[in-house]
Amino acid sequence: MAKPIAIEVYNPNGKYRVVSTKSMPGTRWINLLIEQDCRVEICTQKKTILSVEDIIALIGDKCDGVIGQLTEDWGETLFAALSRAGGKAFSNMAVGYNNVDVNAANKHGVAVGNTPGVLTETTAELAASLSLAAARRIVESDQFMRAGLYDGWLPHLFVGNLLKGQTVGVIGAGRIGSAYARMMVEGFKMNLIYYDLYQSTRLEKFVTAYGEFLKANGEQPVTWKRAASMDEVLREADVISLHPILDKTTYHLINKESLATMKKEAILINCSRGPVVDEVALVEHLKQNPMFRVGLDVFEDEPYMKPGLADMKNAVVVPHIASASKWTREGMATLAALNVLGKIKGYPVWGDANRVEPFLNENAPPPAASPSIVNSKALGLPVSKL
């Protein structure tokens with residue numbers, strides 16, 4: 001069994017033992033746990049991803065709760081170990097929980113937390129950033145400059161795509177997809193086409209109102225359309241951003257056939273989940289279509305990229321940093337800690353996991369509730385009336 005190299009301990013005499021498998025941004029999350037009589041142990045092992053054996057060693061013989069990461073494999077083995085140690089809660093420091101076997105958690109009576117509601121704008125901002133970087137070939141240009149290759153202005157040097165007046169396509173118009181759409185529509189006066197199983201009335205009203213504002217000021221109004229199919233978005237949009245959940249229906253949603261449907265100079269953005277895109281097919285498409293560009297924050301076999309992707313100059317690739325703003329990452333740490341604390345203390349579950357502002361207000365104590373427990377119904381946990 002692997003043994004962690006180093007652990008930082010806060011409040012060593014605390015009644016409840018809470019383990020974090022990684023150091024997390026900020027100190028508020030630590031202080032909130034300490035204030036409620038928790039001993040906080042933070043693994044500082046110099047490993048990017050902890051193994052199941054590493055985490056079992058961290059859990060030990062007595063552990064009330066664990067704060068973990070999306071990269072860890074939380075299945076039967078770990079939930080059994082946590083349950084044997086008296087653990088009541090596990091929380092991902094992430095909104096997603098594809099790494100968690102929720103059925104195994106239910107079997108062992110362990111509450112599973114996640115951190116929605118705090119990543120929306122930050123993730124949408126990165127999707128917008130990738131859209132700009134791909135459209136204006138910023139990464140290529142940066143590398144060109146650093147290599148000392150620039151010897152004067154040329155008419156054809158790094159010509160990219162103008163966004164103004166073009167069509168932005170959004171697949172999955174939930175919180176993040178809608179926030180991204182608003183940024184692109186208002187920021188660059190783009191028209192919107194979106195596909196979602198549910199109508200996004202709020203987004204439609206926003207685009208309509210903005211279009212009326214532009215028209216009143218003598219400008220061309222923006223428009224919106226809810227597509228009848230995903231293919232309609234792929235055919236019509238100049239920039240397409242993916243924001244679906246990952247399940248069996250969205251695995252390889254973007255594949256050889258769907259890529260062929262898109263415009264030759266389209267831009268594809270993925271800040272959702274890596275396996276939504278067939279990366280092998282994408283690499284081949286990038287090779288065959290040099291004016292097609294892509295911006296990726298997530299990857300099919302993360303942390304690895306499929307062979308050839310790193311060599312594609314028409315790809316902008318960043319290491320899963322969609323939530324990497326200081327405010328968001330500190331907020332995620334806080335929410336994850338409060339998920340674990342809430343279950344340990346017997347608090348109810350917050351009534352709306354997407355409205356987490358009361359938990360993030362540093363000038364007031366957080367509500368006596370767990371912000372977001374994904375298996376609360378399965379475990380029969382009470383819901384807060386606050």
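The following conversation takes up a predicted model and the terms used to describe it.

Colleague: What kind of model is this, and how are its residues numbered?

Modeller: The model is predicted: local features need pLDDT of at least 70, side-chain atom pairs count only at pLDDT 80 or more, and totals for chains, interfaces and linings use all residues. Residues are numbered from 1 along each chain as its sequence is written, and side-chain values use heavy atoms, with hydrogens and water left out.

Colleague: What makes the 6 strands one open sheet, and what is their order?

Modeller: Strands are DSSP runs of E of at least two residues, and helices are runs of H or I of at least four, numbered from the N terminus. Two strands pair if DSSP finds at least two bridges between them. The order here is β1-β3-β2-β4-β5-β6, with mixed pairing. Because β1 (7–10) and β6 (111–113) each have a single partner strand, they stand at the edges, and one side of each is left without a neighbour in the sheet. From one strand to the next, the twist averages 15 degrees.

Colleague: How do you know that β4 and β5 are paired?

Modeller: Strand β4 (residues 65–68) and strand β5 (residues 89–92) are joined by 4 bridges and run parallel; the rule asks for at least two bridges, so they count as a pair. Within this pair, Val66 stands opposite Phe90 in β5, and Ile67 stands opposite Ser91 in β5.

Colleague: Which helix packs on the sheet, and which strands does that helix touch?

Modeller: Helix α1 (residues 28–35) touches β1, β2 (16–20), β3 (38–43) and β4, where contact means heavy atoms within 4.5 Å. The direction of α1 makes about 145 degrees with that of β3; axes are lines fitted to C-alpha atoms, for helices over the stretch in contact, and angles run from 0 to 180 degrees between N-to-C directions.

Colleague: Why is the pair of Trp74 and Phe90 called stacked?

Modeller: Rings of Phe, Tyr and Trp (its six-membered ring) pair if their centres lie within 6.5 Å; planes under 30 degrees apart count as stacked, over 60 as edge-to-face and the rest as tilted. The ring centres of Trp74 and Phe90 are 4.1 Å apart and their planes are at 25 degrees, so the pair is stacked. This pair links distant parts of the chain, with Trp74 in the loop between β4 and α3 (76–84) and Phe90 in strand β5, 16 residues apart.

Colleague: Why is the pair of Trp74 and Phe79 called tilted?

Modeller: Their ring centres are 5.4 Å apart, and their planes stand at 55 degrees, so this pair is tilted. Trp74, Phe79 and Phe90 form one aromatic cluster, and the count of aromatic pairs comes to 6.

Colleague: How do you know that Trp74, Phe79 and Phe90 are buried?

Modeller: Buried means under 20% relative accessible area, exposed over 50%, and partly exposed in between (1.4 Å probe, protein chains only). Trp74 has 0% relative accessibility, so Trp74 counts as buried. Phe79 is likewise buried, with a relative accessible area of 0%, and Phe90 counts as buried at 1%.

Colleague: Why is Gly75 called buried, and what does Gly75 touch?

Modeller: Gly75 lies in the loop between β4 and α3. Its relative accessible area is 12%, so Gly75 is buried. Not counting residues up to four places away in sequence, Gly75 touches Asp101 and Ala104.

Colleague: Which residues of α3 are buried, and what covers them?

Modeller: Leu78, Phe79, Ala80, Ala81 and Leu82 are buried in α3. Their cover includes α2 (52–59), β4, β5, α4 (102–107) and β6. Just after α3, Gly86 takes a positive phi of about 85 degrees.

Colleague: What makes a set of residues a nonpolar core, and how many residues has the largest?

Modeller: A nonpolar core is a set of buried Ala, Val, Leu, Ile, Met, Phe, Trp, Tyr and Cys residues joined through side-chain atoms within 4.5 Å. The largest has 32 residues, and those with the most contacts inside it are Tyr180 and Leu192. Helix α5 (120–135) is among the elements that give two or more residues to this core, and the largest share, 8 residues, comes from α5. Apart from this core lies another, of 29 residues, among them Tyr16, Leu32, Cys38 and Trp350.
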